[in-house]
Amino acid sequence: MANLGCPKKILMLCGDYMEDLEAIVPFQALQAYGLSVDAVCPDKKCGDICRTVLYRVSPHQTFSEDRGHNFTLNATFDKIDVCSYDGLVIPGARAPEYLATYESVVEIAKHFARTGKPIASICHGSLILAAGGVLKGRTLTAFPTLGPVLVTAGANWVQPETMASCFVDGNLITGASYEGHAEYIGHFIKALGGTVTGFNKRILFLCGDYMEDYEIYVPFQSFQALGCHVDSISSKIKKGDRCYTAIHEFEGDQNFSEKNGHEFKITATFEDIDASSYDGLVIPGGRGPEYMALDQDVIKLVKYFMDARKPVASISYGQQILAAADVLKGKKCTAYPAAKLHVVLAGATWLEPHSMHRCFTDGNLVTGVAWPGHPQFIAQFMEVLGVKEIGDRRPVLARATLSRVELAMSELGIGGHSSVVGVNFMEVGVISEVV
């Protein structure tokens, strides 16, 4: 649980070609914890997109760069009141290089530094802070190549030992890359005055090649940031090896396009785990579930969690595995619309997703449509796990713009949508929709 007392508002500075995961993971994780997050970009307005990139290790002297998802902004830069925000998040990659040339962006960085409000900057994000002249005497880390310029800006440079390295200096939280999101986001929550605890919950993620990039990284790192013990397994991939992921995006065609996503490290060997030692199971979507559903070891594992009535969360095409395991009879659930046939034929009651943000809880089972609904998906699973308790608290309304996925689905006549999706958040999380 991330207990912050009263609702907090966070500002995220975005730009074209920011790192994909360094934008979406904190954006959706913080919302899942009950915070309101506004993502803005100069010269763009609410509903516009920022292009993202993904960095991957290469055999060359530096990383390689590929196109990531399109990130939808949910606020307009020129209309924000910077004084109304409690914290600032700056994703990395190439975007900060040009954002640092905007006087309006630099002034925002100066405001947060001057007021002592928490600032979380990752990868190349600290270039904006350097441009604002606010790093003199501050100790921080970043992507390794930033060392010289940050030293010139007056900072005390901490060389990252790994790409998961983070450092905290008062209100300033810095990280080397998205690999350190768990610690990075956890420190940011604490800087906001919150307490972070996962109540020692152990969560297992069922992985396979070409699972959707966001649908593994966002929930996995979100639960890590809460202090939960999180493991990933794949029936065909051993501990320490990596799965390939897929980036699914609607780009004007009848179906989504697919690009290669980040690689994802497997943390445990399938045959070595003791399923009874885990409190919950998460099944990401993407194309992985289609072939994973043919694996009898996978089916046996899913049956165990469902028969034991342990919490299970499945999103998008993940429900294909639940259908193959014959555990959906009598259940109410949703899925990505193209997987409806699997769900209905498996004997479940289909819950129509009127937006890509929709998630539902039926007993121990949480199901979601797609990654735009991660804040609800994660928060509802937190509730089923008992990671948080929802009391009689004052709800606040968090804005969520219509995603490009929903717009595309609407054009195809699949599901419904509205121009603004209202998500009821509470001080400690999202109000679950229990069916």
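In which sense do strand 8 and strand 12 pair, and over how many bridges? Strand 8 (residues 119–122) and strand 12 (residues 172–175) run parallel to each other and share four bridges. This is a predicted model, where local features need pLDDT of at least 70, side-chain atom pairs count only at pLDDT 80 or more, and totals for chains, interfaces and linings use all residues. Residues are numbered from 1 along each chain as its sequence is written, and side-chain values use heavy atoms, with hydrogens and water left out.

**The sheet**

- Helices (H or I, at least four residues) and strands (E, at least two) are DSSP runs, numbered from the N terminus.
- Strands 8 and 12 belong to an open sheet of six strands with mixed pairing, in the order 4-2-7-8-12-11.
- The edges are strand 4 and strand 11 (166–169), each of which pairs on one side only.
- From one strand to the next, the twist averages 15° (axes are lines fitted to C-alpha atoms, for helices over the stretch in contact, and angles run from 0 to 180 degrees between N-to-C directions).
- Two strands pair if DSSP finds at least two bridges between them.
- One of the bridges in the 8–12 pairing joins Ile122 to Gly175 of strand 12.
- As background, strands of a sheet pair through backbone hydrogen bonds, either parallel or antiparallel.

**Helix 7**

- Helix 7 covers residues 213–225, and its 13 residues should span 18 Å at 1.5 Å a residue; the end C-alpha atoms sit 18 Å apart, so the two agree (the expected span is 1.5 Å times one less than the number of residues).
- Twelve of the 13 residues in helix 7 are buried (buried is under 20% relative accessible area, exposed over 50%, partly exposed in between, with a 1.4 Å probe and protein chains only).
- Among the buried ones are Tyr214, Ile216, Val218, Phe220 and Phe223, along with polar or charged residues including Asp213, Glu215 and Gln221.
- At the start of helix 7, a side-chain oxygen of Glu212 comes to within 2.7 Å of the backbone nitrogen of Tyr214.
- After helix 7 comes Gly227, with a positive phi near 90°.

**Salt bridges**

- The whole structure holds ten salt bridges (a side-chain nitrogen of Lys or Arg within 4 Å of a carboxyl oxygen of Asp or Glu).
- One of them pairs Asp16 with Lys44, with the closest N and O atoms 2.9 Å apart.
- Asp16 is in the loop between strand 2 (9–13) and strand 3 (18–19), and Lys44 in the loop between strand 4 (36–40) and strand 5 (49–56), so this pair ties together parts 28 residues apart in sequence.
- Lys236 and Asp295 also form a salt bridge, their closest N and O atoms being 3.7 Å apart.
- That pair links distant parts of the chain, 59 residues apart: Lys236 in the loop between strand 16 (229–233) and strand 17 (242–249), and Asp295 in the loop between helix 8 (288–292) and helix 9 (296–307).
- Lys236 is exposed at 67% relative accessibility, whereas Asp295 is buried at 12%.
- Glu271 and Lys238 meet in another salt bridge, at 3.3 Å from N to O.
- Glu271 lies in the loop between strand 18 (257–265) and strand 19 (280–283) and Lys238 in the loop between strand 16 and strand 17, so parts 33 residues apart in sequence are tied together.
- Glu271 is partly exposed at 48%, and Lys238 is partly exposed at 41%.

**Cysteines**

- There are zero disulfides here (a disulfide is a pair of cysteine sulfur atoms within 2.5 Å).
- Cys333 is buried at 0% relative accessible area, and Cys359 is buried at 0% too.

Methods:
A polar contact is a pair of N or O atoms within 3.5 Å; within protein, one must be able to donate a hydrogen and the other to accept it, and residues adjacent in sequence count only if both atoms are side-chain atoms.
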